[in-house]
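Take a look at the model below before reading on. The paragraphs after it go from the whole chain down to single side chains.

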Amino acid sequence: MRAYVERVRSEREELRGLVQALGGSALPSQANFVLARFPRAAWVRDALEGLGIAVRMFPKDPDLQDALRITCPGD
């Protein structure tokens, strides 16, 4: 369990860095996911899905229209 938690922490920080490198912003997190914001969130979602990476959008929440929840698999 400890190894899994460390892996998720490492993935989460790496993912935050990638989001920022791609022009997005990522909120600090203690969970197994990153909440990332992009000016063109739907485009980023579609691009990630094309790579086999599923993300969650929040289309009914006006405060999260530009947000994607990206889960760290930990494996």
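What follows covers the overall fold, then the charged pairs, and then a few residues taken one by one.

The model is a predicted one. Its protein chain contains two helices and four strands, and in sequence order these elements follow the pattern α-β-β-α-β-β. The C-alpha trace spans about 35 × 25 × 25 Å along its principal axes. For 75 residues a compact globule would have a radius of gyration near 11 Å, and the 12 Å of the protein chain agrees with that. Of the 75 residues, 32% are buried. The accessible surface of the protein chain amounts to about 5200 Å², and carbon and sulfur atoms hold 56% of this surface. Among the contacts with a separation of 6 or more, 47% join residues that are 24 or more positions apart.

The charged side chains come next. Side chains of opposite charge can pair when their charged atoms come close. How many salt bridges does the count come to? The count is five, and three of these pairs are described here, beginning with helix H1.

Helix H1 holds both Arg-9 and Glu-6, which are three residues apart, about one turn of the helix. The two residues form a salt bridge in which the closest N and O atoms are 2.9 Å apart. Arg-9 has a relative accessible area of 41%, so Arg-9 is partly exposed. Glu-6 is likewise classed as partly exposed because its relative accessible area is 43%.

Another salt bridge joins the side chains of Arg-7 and Glu-11, with 3.1 Å from N to O. Because Arg-7 and Glu-11 are four residues apart in helix H1, about one helical turn separates them. Is each partner of this pair buried or partly exposed? Arg-7 is partly exposed, since its relative accessible area is 40%. Glu-11 has a relative accessible area of 10% and is therefore buried.

A further pair is made by Arg-45 and Asp-46, whose side chains meet in a salt bridge at 2.8 Å, N to O. Arg-45 has a relative accessible area of 23%, so this residue is partly exposed. Asp-46, with a relative accessible area of 43%, is also partly exposed.

Arg-12 presents another case. This residue lies in helix H1, which runs over residues 2-21. Arg-12 is buried but has no salt bridge. Why does Glu-13, the nearest side chain of opposite charge, not count as a partner? Glu-13 is 4.1 Å away, and a salt bridge needs a side-chain nitrogen within 4 Å of a carboxyl oxygen, so the pair is not counted.

Arg-12 does have a polar atom in its side chain that lies 3.1 Å from the backbone oxygen of Ser-29. Leaving aside residues up to four places away in sequence, Arg-12 touches Ser-29, Gln-30, Ala-31, Phe-33, Val-34 and Cys-72.

Ser-29 can be followed from there. Ser-29 sits in the loop between S1 and strand S2, the latter covering residues 33-37. With a relative accessibility of 13%, Ser-29 counts as buried. Which backbone atoms does the side chain of Ser-29 reach? One is the backbone nitrogen of Ala-31, at 3.0 Å. Another is the backbone oxygen of Phe-33, at 2.8 Å. Both Ala-31 and Phe-33 are also among the residues that Arg-12 touches.

Leu-22 is found in the loop between H1 and strand S1, which covers residues 25-26. Is Leu-22 buried or exposed? Its relative accessibility is 67%, so Leu-22 counts as exposed. Leu-22 and Val-44 are 22 residues apart along the chain, and 9.9 Å separates their C-alpha atoms.

The last stop is Arg-56, in strand S3, which consists of residues 56-57. Because its relative accessible area is 47%, Arg-56 is partly exposed. Arg-56 and Leu-68 are twelve residues apart in sequence, and their C-alpha atoms are 5.6 Å apart in space. When residues up to four places away in sequence are not counted, Arg-56 touches Ala-67, Leu-68 and Arg-69.

Note on methods: Residues are numbered from 1 along each chain as its sequence is written. This is a predicted model: local features need pLDDT of at least 70, side-chain atom pairs count only at pLDDT 80 or more; totals for chains, interfaces and linings use all residues. Side-chain values use heavy atoms; hydrogens and water are left out. Buried means under 20% relative accessible area, exposed over 50%, partly exposed in between (1.4 Å probe, protein chains only). Lys and Arg count as positive and Asp and Glu as negative; His and the chain ends are not counted. A polar contact is a pair of N or O atoms within 3.5 Å; within protein, one must be able to donate a hydrogen and the other to accept it, and residues adjacent in sequence count only if both atoms are side-chain atoms. Contact means heavy atoms within 4.5 Å. The radius of gyration is taken over C-alpha atoms; the globule rule is 2.2 Å times the number of residues to the power 0.38. Accessible areas come from the Shrake-Rupley method with a 1.4 Å probe; for residues, only the protein chains shown count as cover.
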